[in-house]
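Here is a small set of exercises to work through at your own pace. Have a look at the structure first, then try each task before reading its solution.

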Amino acid sequence: MTHSEENYLKTIFHLGRNGKGSVSTNAIAEQAETKPSSVTDMVKKLSEKGLVNYKKYQGVSLTPKGTKMALSIVRKHRLWEVFLVEKLNFSWDEVHEVAEQLEHIKSEKLIDKLDELLNYPKFDPHGDPIPSKTGEFQERNKQLLSMMPIPSKGICVGVKDSSATFLKFLDRNKIALGNVLEIVEKEAFDNSLHIIVKGEKLQISNQIASNLYVKPNE
């Protein structure tokens, strides 16, 4: 498996709702920032290796073999992110690009030792679940902040957008995993929200709210 092939499997896994659905070659091309024709060529290669199901105009889905491999790549990526934050003091907006490089390390023994060193974490620094060695992972009860009723409270448990610019915005506004976000009002004009975070009032756009996952207070 080349790095490029592994990246394609991971992209199909994420776009296909954690490997459960099929995705179009156009969606893969947009995510990978490449031409649809290049995606088609790669998908055919992956199909020949028994990693994806592909029929023209019917989308692409992972085979059980492809899903297993994608889960392994995702596991490595997210474990490295935890390591970078907890052991090397990287901030959560710095780890993604470094983990993109480290996820291609082949040694299963190294990854198992890494998992043990980190005390078998269930979630990465962005709140995404980390698959176990056997491919199982724990889904959280969560919903987007933009979909919460008004008024209500929820605990921030993840982000939909893990780009550095978005995470830096959250840092500047003291929004972090584990924080209670209290929604007090929604503007009818643009659906922006007035929220309270750590005792401070803040107005955030609908775009920001649509990229924050919260666990509703029971």
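Two strands pair if DSSP finds at least two bridges between them. Keep in mind as you go that this is a predicted model.

**Exercise 1. The open sheet**

Task: Work out in what order the six strands of the open sheet stand, and which strands are at its edges.

Solution:
- Step 1. Recall that strands of a sheet pair through backbone hydrogen bonds, either parallel or antiparallel.
- Step 2. Read off the order, which is 3-8-4-5-6-7, with antiparallel pairing.
- Step 3. Look at the ends of that order: strand 3 and strand 7 (200-204) each have a single partner strand, so one side of each is left without a neighbour in the sheet.

**Exercise 2. Bridges in the sheet**

Task: Find how many bridges join strand 6 (residues 193-197) to strand 7, and which residue is the bridge partner of Ile-195. Then look at how strand 8 pairs with strand 3 and with strand 4.

Solution:
- Step 1. Strand 6 and strand 7 run antiparallel and are joined by five bridges. Within strand 7, Leu-202 is the partner of Ile-195.
- Step 2. Strand 3 (residues 143-144) is joined to strand 8 (residues 212-216) by two bridges, and these strands also run antiparallel. Here Gln-143 has Val-214 as its bridge partner in strand 8.
- Step 3. Strand 4 (residues 152-159) pairs with strand 8 over five bridges, in the antiparallel sense. One of the partners to find is Pro-216 of strand 8, which bridges to Gly-154.

**Exercise 3. Two helices against helix 3**

Task: Describe how helix 1 packs on helix 3, and do the same for helix 2 and helix 3.

Solution:
- Step 1. Two packed helices are described by the angle between their axes and the distance between the axes.
- Step 2. For helix 1 (residues 3-15) and helix 3 (residues 36-48), the angle is about 95° and the axes are 11 Å apart. Angles of 65 to 115 degrees count as roughly perpendicular, and that makes helix 1 roughly perpendicular to helix 3.
- Step 3. Helix 1 makes this contact with Ser-4, Glu-5, Tyr-8 and Leu-9, while helix 3 contributes Ser-38, Val-39, Met-42 and Leu-46. Sorted by class, the residues of this contact are five nonpolar, two polar and one charged.
- Step 4. For helix 2 (residues 25-32) and helix 3, the angle is about 110° and the axes lie 8 Å apart. Helix 2 and helix 3 are therefore also a roughly perpendicular pair.
- Step 5. From helix 2, Thr-25, Asn-26, Ile-28 and Ala-29 meet Pro-36, Val-39 and Thr-40 of helix 3. The classes in this contact are four nonpolar, three polar and no charged residues.

**Exercise 4. A closer look at helix 3**

Task: Say how far helix 3 reaches, which of its residues are buried, and what those residues pack against.

Solution:
- Step 1. Helix 3 has 13 residues and spans 18 Å from its first C-alpha to its last, close to the 18 Å expected at 1.5 Å a residue.
- Step 2. The buried residues in helix 3 are Val-39, Thr-40, Met-42, Val-43 and Leu-46.
- Step 3. These buried residues pack against helix 1, helix 2, strand 1 (52-54) and strand 2 (60-62).
- Step 4. Just past the helix, follow the chain to Gly-50, which has a positive phi near 75°.

**Exercise 5. Residues in the loops**

Task: Decide whether Ser-146 is buried or exposed, and ask the same of Glu-33. Then look for unusual backbone angles.

Solution:
- Step 1. Ser-146 sits in the loop between strand 3 and strand 4. Buried means under 20% relative accessible area, so Ser-146, at 10%, counts as buried.
- Step 2. Leaving aside neighbours within four places in sequence, Ser-146 contacts Lys-186, Asn-206, Ala-209 and Ser-210.
- Step 3. Glu-33 belongs to the loop between helix 2 and helix 3, and with a relative accessible area of 74% Glu-33 is exposed.
- Step 4. Most residues other than glycine have a negative phi, and most peptide bonds are trans. Glu-33 is not a glycine, yet its phi is positive, about 55°.
- Step 5. The peptide bond from Ile-150 to Pro-151 is cis, with omega near -5°. Pro-151 is in the loop between strand 3 and strand 4.

Note on methods: Residues numbered from 1 in each chain as written. Predicted model: local features only at pLDDT ≥ 70, side-chain atom pairs only at ≥ 80, totals over all residues. Heavy atoms only, no water. Axes fitted to C-alpha atoms, helices over the stretch in contact; angles between N-to-C directions. Helix = DSSP H or I, 4+ residues; strand = E, 2+ residues; numbered from the N terminus. Parallel < 35°, antiparallel > 145°, perpendicular 65-115°, else oblique. Contact = heavy atoms within 4.5 Å. Nonpolar A, V, L, I, M, F, W, Y, C, P; charged D, E, K, R; others polar. Buried < 20%, exposed > 50% of the residue type's maximum accessible area, 1.4 Å probe, protein only. Expected span 1.5 Å × (residues − 1).
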